[in-house]
Amino acid sequence: MSHKDISIKSKLDSIEERLRGQGDQHLDFLAHKEQITRILELVERKNVLVLGHNYMAPLVYSISGEKERGDSLALSRRAAETRKPIILFDGVRFMAETAKILSPEKKVLIADVEAGCSLADPFTADDIRAYRARYPGSPVVTYINSYADVKAESDYCCTSANAIAVVKHAARESGARRVIFFPDSLMARNIQNELRRDGYDLEVVYPGRDDDLFGRCEVHEKFTAEHIRDIRRQFDMPKGASNAAVLVHWECPPEVVAEADYCGSTSDMARYITRRPGLVRVYLATECEMAANLASEFPQVEFVRTCGFFCQHMRRITLDKILRSLEDEVHEVDVPEAIRVKARRAIDRMLGVD
Ligand code: SF4
């Protein structure tokens, strides 16, 4: 057996090990073993970095190594570090674009270029320019779930993990009492509420506050406060319990955030569970594959799986399309250089806040 064959076999074994005990996921692995082997061969032969977002289906997610799985920012940072010439981003298009912004010399592939996002898709650089004209002197903070042209018109980028810190920083640096936040209207309301709770005299303006625009994640907007209270009742998960927790994403409506034990990004949720070894039951108010993926990492925790909220855009990334993208090196993501440089500046300014 050659060194490459040994490496592929060891990756295959570790995928199987990860999915063993996860019922249908293991069966899914056995049914697709040949296809996964072919993908791993191409990854090895072409020296590809495969990045897997937390919302990928478990089988797709498992193709990425442990350090190559996570949220969009962690994965883009990983993309920036790699020496591999090709990056395959298993996530949606704005994520692959962010990887390209940070690693312009790499070939960045995505299995399906139509993998969009309800937050990113409706907005363009013109919207940012219109808001700047309407609220002169206010810095613009743009959530990472946006395309490169929108990032390029912004002062700062942010993620769900650092949005509040970036908004505070942007206000401090500019001396403004008002910050423009794009494009997530629900996250903006959550940020405004948090700032008020912390006693900050800072106004957040966002799509939908003073106009009829609205930026929302079509998955997270579906959660309701009643839904969370039902879960607590049905699964004996009272608020504040030491052995159970309801974790909510910042993209959910404010009344859902109010019902949470903890609110954060997907990476924050994983860290929260790691830091609390006494947890035996967890409910995640976020895209449903996240619970399936964390179940492999925290076998001691029961993840309440009543969820039916899947992201149609993430689901476009399938094994078939990954195989084709790797074979023919198709669906390359590119960003015009002038836009890339400006978008990079907004990302770098965010990284300077962390
Ligand atoms: S889960 Fe929501 S924010 Fe994430 S890609 Fe899907 S639509 Fe966009």
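This note goes through a predicted model point by point, covering its sheets, some loop residues and the ligand shell.

1. **The four-strand sheet.** Four strands make an open sheet, and their order is E2-E1-E3-E4. The pairing is parallel. Strands E2 (69–70) and E4 (107–109) stand at the edges. Each has a single partner strand, so one side of each is left without a neighbour in the sheet.

2. **E1 with E3.** Strand E1 covers residues 48–53, and strand E3 covers residues 86–90. Five bridges link the two, in the parallel sense. Two of the facing pairs can be named. Valine 48 stands opposite isoleucine 86 in E3. Valine 50 has leucine 88 as its bridge partner in E3.

3. **E1 with E2.** Here the pairing rests on two bridges and is again parallel. Glycine 52 has arginine 69 of E2 as its bridge partner. Helix H4 (residues 58–63) joins with E1 and E2 in a β-α-β unit, and this unit is right-handed.

4. **How enclosed is E1?** How many residues of E1 are buried? Six of the six are, so the strand is largely enclosed by the rest of the structure. In a regular strand, side chains alternate between the two faces of the sheet. Both faces of E1 are covered. Val48, Val50 and Gly52 are buried on one side. Leu49, Leu51 and His53 are buried on the other.

5. **Helices on this sheet.** Helix H6 (residues 93–102) packs on the sheet and touches E1, E3 and E4. The direction of H6 makes about 155° with that of E3. Helix H15 (residues 319–328) also lies across E1, E3 and E4. H15 runs at about 165° to E3.

6. **Alanine 111.** Alanine 111 sits in the loop between E4 and helix H7 (125–134). Is alanine 111 buried or exposed? It has 24 other C-beta atoms within 10 Å, and 20 or more are needed for a residue to count as buried. Alanine 111 is therefore buried. Leaving aside residues up to four places away in sequence, alanine 111 touches Asp90, Ile317, Lys321, Ile322, Ser325 and His331. Its C-alpha atom is separated by 21 Å from that of valine 219, and the two residues are 108 apart along the chain.

7. **The loop after H15.** Two residues in the loop between H15 and helix H16 (337–353) deserve a look; one of them is glutamate 329. Glutamate 329 has a positive phi of about 50°, although it is not a glycine. Histidine 331 lies in the loop between H15 and H16 too. Its phi is near 65°, also a positive value in a residue other than glycine. How exposed are they? Glutamate 329 counts as partly exposed because it has 15 C-beta neighbours inside 10 Å. Histidine 331 has 19 such neighbours inside 10 Å, so it counts as partly exposed as well. Histidine 331 is also among the residues that alanine 111 touches.

8. **A cis proline.** Which peptide bond is cis, with omega near -15°? It is the bond from phenylalanine 182 to proline 183. Proline 183 is found in the loop between strand E7 (178–182) and helix H10 (185–197).

9. **Strand E11 and its partners.** Strand E11 (residues 281–285) is mostly covered, with four of its five residues buried. Strand E9 (residues 244–249) is joined to E11 by five bridges, and the two run parallel. Alanine 244 stands opposite arginine 281 in E11. E11 also pairs with strand E12 (residues 302–303), over two bridges and in the parallel sense. There, arginine 281 stands opposite glutamate 302. From E11 the chain crosses through helix H14 (residues 289–297) to E12. This β-α-β crossover is right-handed.

10. **The ligand shell.** There are 13 residues around the ligand. Which of them come nearest? They are Cys117, Ser118, Cys217, Val219 and Cys311. By class, the shell has eight nonpolar, three polar and two charged residues. Val219, named in this shell, is the residue whose C-alpha atom is separated by 21 Å from that of alanine 111.

How values were computed
Residues are numbered from 1 along each chain as its sequence is written. This is a predicted model: local features need pLDDT of at least 70, side-chain atom pairs count only at pLDDT 80 or more; totals for chains, interfaces and linings use all residues. A residue is near a molecule or strand if its C-beta atom, placed from the backbone, lies within 6 Å of it. Ala, Val, Leu, Ile, Met, Phe, Trp, Tyr, Cys and Pro count as nonpolar, Asp, Glu, Lys and Arg as charged, and the others, Gly among them, as polar. A residue is buried if 20 or more other C-beta atoms lie within 10 Å of its own, exposed if 12 or fewer, and partly exposed in between; C-beta atoms are placed from the backbone. Two strands pair if DSSP finds at least two bridges between them. A crossover is right-handed if, with the strands pointing away from the viewer, the path from the first strand over the helix to the second runs clockwise. Two residues are in contact if their C-beta atoms, placed from the backbone, lie within 7 Å. Axes are lines fitted to C-alpha atoms, for helices over the stretch in contact, and angles run from 0 to 180 degrees between N-to-C directions.
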